[in-house]
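Subject: Structure handover and notes

Dear colleague,

I am passing on the structure we spoke of, together with some notes on what turned up when it was examined. Please look through the sequence and the model before reading on.

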Amino acid sequence: DGFDLTVQFAENPEPWHLCSADLMTQCYSHIEFQFSHPQMTAIRCDLIPDDKPILFTSYTLKNTSDSVLRGSYQFTAHFHLLDAWFTHLGNERNQGEHIEIVNNVVIATAFSNPDQWAVTATSTTKWLSSSLTTLCGG
């Protein structure tokens with residue numbers, strides 16, 4: 001379970017994986033993760049609204065170099081909806097999920113109780129492409 005963001009610069013074949021933050025700041029309303037690259041900074045902001053089972057995440061990328069940067073980014077979401085050990089949300093344990101893309105929204109619904117247990121991912125920017133991949137064991 002989880003997600004990550006990768007930035008691919010046109011001038012540099014090495015991708016920048018935003019997985020290890022340089023600084024984490026926990027505020028009353030949200031958590032910020034700051035990432036540094038020689039040409040760019042990134043801030044990931046996570047917000048959980050009061051009493052809601054939802055997580056909002058945003059990424060802000062800022063060019064810190066003197067030149068124009070060209071490239072692309074890839075957001076990857078990993079879904080593995082399994083009940084925690086000795087717990088379950090329905091009459092039977094959930095053992096996986098159904099994943100589909102509908103109108104630029106990735107929707108993962110649990111096999112058991114799909115109306116009550118789902119995860120979604122989307123963006124305010126237009127996607128250039130999207131794909132679904134099954135990983136080993138998933």
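The notes below go from the overall layout to the cores and then to single residues.

Please keep in mind throughout that this is a predicted model, and that the values quoted here were computed from it.

Overall layout

The chain is built from 10 strands and has zero helices, so that, read from the N terminus, its elements run β-β-β-β-β-β-β-β-β-β. Of its 138 residues, 22% count as buried. Among the contacts in the chain with a separation of 6 or more, 36% are between residues that lie 24 or more positions apart.

The nonpolar cores

In soluble globular proteins, nonpolar side chains tend to be buried together. In this model the largest nonpolar core has 10 residues, namely L5, V7, F9, W16, L18, F33, F35, M40, A42 and L69. Two or more residues of this core come from each of strand 1 (2–9), strand 2 (16–18), strand 4 (31–37) and strand 5 (40–47), and strand 1 gives the largest share, with three residues. Apart from this core lies another one, of seven residues, which include F79, A108, A110 and A121.

Within the largest core, F9 may be a useful place to begin, since its neighbours can be listed in full: leaving out residues up to four places away in sequence, F9 touches W16, H37, M40, L69, R70 and G71. One of these neighbours, H37, belongs to strand 4 and is buried, with a relative accessible area of 17%. When residues within four places in sequence are set aside, H37 is in contact with F9, W16 and T64.

Although several aromatic residues appear among the members of the largest core, including F9, W16, F33 and F35, a search of the whole structure finds zero aromatic pairs. The ring of F33 does have a charged partner, however, for the charged end of R44 sits over this ring at 4.5 Å from its centre.

Two buried acidic residues

D46 is part of strand 5 and is buried, with a relative accessible area of 11%. The side chain of D46 is joined to that of T57 by a polar contact of 2.9 Å. Not counting residues up to four places away in sequence, D46 touches H30, I31, F33, L55, F56 and T57, a list in which both T57, its polar partner, and F33, a member of the largest core, can be found.

E97 lies in strand 8 (residues 97–102) and counts as buried at 16% relative accessibility. Once neighbours within four places in sequence are left aside, E97 is in contact with F79, H80, L81, A108, T109, A110 and F111. Three of the residues named for the other core, F79, A108 and A110, are thus in this list of contacts. As for F79, it is 18 residues away from E97 in sequence, while the C-alpha atoms of E97 and F79 are 7.8 Å apart in space.

The loop after strand 8

Most residues other than glycine have a negative phi. Against that background, the loop between strand 8 and strand 9 (105–110) deserves a look, as it holds N103 and also N104. N103 is not a glycine, yet has a positive phi of about 50°, and N104, also not a glycine, has a positive phi of about 60°. In accessibility, N103 counts as exposed at 72%, whereas N104 counts as partly exposed at 33%.

Cysteines

How many disulfides does the model contain? The count comes to zero. For C27, the nearest cysteine sulfur is that of C45, 7.8 Å away, and because a disulfide calls for two cysteine sulfur atoms within 2.5 Å, C27 is in no disulfide. C27 counts as partly exposed, at 34% relative accessibility, while C19 is exposed, with a relative accessible area of 59%.

With the model open, the surroundings of F9, D46 and E97 can be followed residue by residue from the contacts listed above.

With best wishes

Conventions:
Residues numbered from 1 in each chain as written. Predicted model: local features only at pLDDT ≥ 70, side-chain atom pairs only at ≥ 80, totals over all residues. Heavy atoms only, no water. Core = buried A, V, L, I, M, F, W, Y, C linked by side-chain atoms within 4.5 Å. Buried < 20%, exposed > 50% of the residue type's maximum accessible area, 1.4 Å probe, protein only. Helix = DSSP H or I, 4+ residues; strand = E, 2+ residues; numbered from the N terminus. Contact = heavy atoms within 4.5 Å. Phe/Tyr/Trp six-rings, centres within 6.5 Å; stacked < 30°, edge-to-face > 60°. Lys NZ or Arg CZ within 6 Å of the ring centre and 35° of its normal. Polar contact = N/O pair within 3.5 Å; in protein donor to acceptor, adjacent residues only side chain to side chain.
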